[in-house]
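Here is a briefing on the structure below. Topics run from confidence to the ligand site and then the sheets.

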Amino acid sequence: ERGNYRHFMQKEIFEQPTVVAQTLSSYVRQADQTVALPQMDFDLSSIERMTIVACGTSYYAGMVGKYWIEEFARVPVDIDVASEFRYREPPLPKGGLALFISQSGETADTLAALRYCKAQGQTIAAIVNVPTSTMAREADLLLPIHAGPEIGVASTKAFTCQLAVLAALAAKLAVVKGGMDRAEEQEVVRHLLEAPAALNSALDHDDDIAAMAHLIAPARDVLYLGRGPDYPMAMEGALKLKEISYIHAEGYASGEMKHGPIALIDEHVPVIVIAPSGPLFEKTVSNMQEVRARGGKIVLISDREGLEEAGEGCLATIEMPRVHPLIAPLVYAVPVQLLAYHVALVKGTDVDQPRNLAKSVTVE
Ligand code: M6R
């Protein structure tokens, strides 16, 4: 089943262009360049507030979704990890939409949070990979991701497919709420459809990433920095590294560095900076310079323009294709996944079955 790949995780990373295209094909209508969601028996345009609940990687996808939904649809989004949400028993907005994101559709805490929201009269949407799962059955609106079975314990292709669905949902919400006109919708569709090719170009850098993994493997701690939707990407990168290489890693909002974590910086703590060209680039780069001024060793992940401007003096750089900011989180998922994967290979850990972890956490 692994075919020519050494690990399921590697296979699943490389499947992303195909599965994201598959996912998009059911959320985007090529003919008229519109975003399409499955039939629903409630009025999407009446949604005034949203709540997103998930765990782990699915939670980071949800955080990216929050940036998109708030930016495009101007609908405020609350987001929490399921284990906190369910015991916090938060008051919920009247007529709110609660969205649950889960690869398996069976995660105990996420399911409990879903049932809590249902009992509170929220409309329930679920982004899941397993269409026969409990969450899929209990949701009012099922948004399947079509990633195919994910075997590696570290989630990869489910994440990028979740992002594709979240981008479509954000755009649809914006359209029905009147915040996005036809031309803007077509533009979003066009950028989304560019994602599979961009994912392929990102994968072309596999060898470069493999060649630099030995620079990260000896580290005891690694920091990941990003801003805006790249902040959850920093946390996702850190989670991947922790899970499969057992190196302590943290994802931080770049601007939060100087409020504490900068005290950790020395030449032994590599700092991975996720900074595609775009409106937030300069800000992130200035945070990166603060790290460098303190002797920090930087790995900059950016596109050619970004690397030309800020790549000098870095420990290593990883070049990504130049993409529209909307699809940057999908594309930049690839280098952080590959980096974790190759560091784990250097360390000789069990990539598909990391210690202490289960694929699906069905106990709380
Ligand atoms: O099946 P789910 O998406 O609900 O699972 C959530 C987390 O358990 C999962 O994302 C976990 O964090 C992965 N091991 C991350 O790689």
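This is a predicted model. Its chain has a mean pLDDT of 95, and 100% of the residues reach 70 or more. For the complex, the predictor reports an ipTM of 0.99 and a pTM of 0.97.

**Ligand site: who is there**

- The ligand is surrounded by 14 residues. The closest are S58, S102, Q103, T107 and E243.
- Sorted by class, this shell holds eight polar residues, four nonpolar ones and two charged ones.

**Ligand site: contacts and cover**

- Q103 uses its backbone: an N or O atom there sits 2.6 Å from a ligand oxygen.
- S104 uses its side chain: an N or O atom there is 2.7 Å from an oxygen atom of the ligand.
- K240 brings a polar side-chain atom to 3.0 Å from an oxygen atom of the ligand.
- On its own, the ligand has 420 Å² of accessible area, and the protein covers 92% of that.
- Which elements give two or more residues to the shell? They are α3, spanning 56–73, and α10, spanning 230–245.
- S58, one of the closest residues, falls within the range of α3 (56–73). E243, also among the closest, falls within the range of α10 (230–245).

**Sheet with β3 to β7**

- Five strands make up an open sheet, and their pairing is parallel. The order is β4-β3-β5-β6-β7.
- Why do β4 and β7 each have one side without a neighbour in the sheet? β4 (77–81) and β7 (141–144) stand at the edges with a single partner strand each, so one side of each stays free of a sheet neighbour.
- From one strand to the next, the twist averages 20°.
- β3 covers residues 50–54 and pairs with β4 in the parallel sense, over five bridges.
- Within that pairing, V53 has D80 of β4 as its bridge partner.

**Sheet with β8 to β12**

- Here, too, five strands form an open sheet with parallel pairing. The strands run in the order β9-β8-β10-β11-β12.
- Which strands are at the edges? They are β9 (248–253) and β12 (316–320), and each pairs on one side only.
- The twist averages 20° from one strand to the next.
- β11, residues 297–303, pairs with β12 over five bridges in the parallel sense.
- I301 has its bridge partner in β12, namely I318.

**To take away**

- The ligand is 92% covered by protein, in a shell with eight polar residues.
- Q103, S104 and K240 each place an atom by a ligand oxygen, at the distances given above.
- Both sheets are open and parallel, with five strands in each.

How values were computed
Residues numbered from 1 in each chain as written. Predicted model: local features only at pLDDT ≥ 70, side-chain atom pairs only at ≥ 80, totals over all residues. Heavy atoms only, no water. pLDDT = per-residue confidence, 0-100. Near = heavy atom within 4 Å. Polar contact = N/O pair within 3.5 Å; in protein donor to acceptor, adjacent residues only side chain to side chain. Areas by Shrake-Rupley, 256 points an atom, 1.4 Å probe, with all protein chains shown as cover. Helix = DSSP H or I, 4+ residues; strand = E, 2+ residues; numbered from the N terminus. Nonpolar A, V, L, I, M, F, W, Y, C, P; charged D, E, K, R; others polar. Pairing = 2+ DSSP bridges. Axes fitted to C-alpha atoms, helices over the stretch in contact; angles between N-to-C directions.
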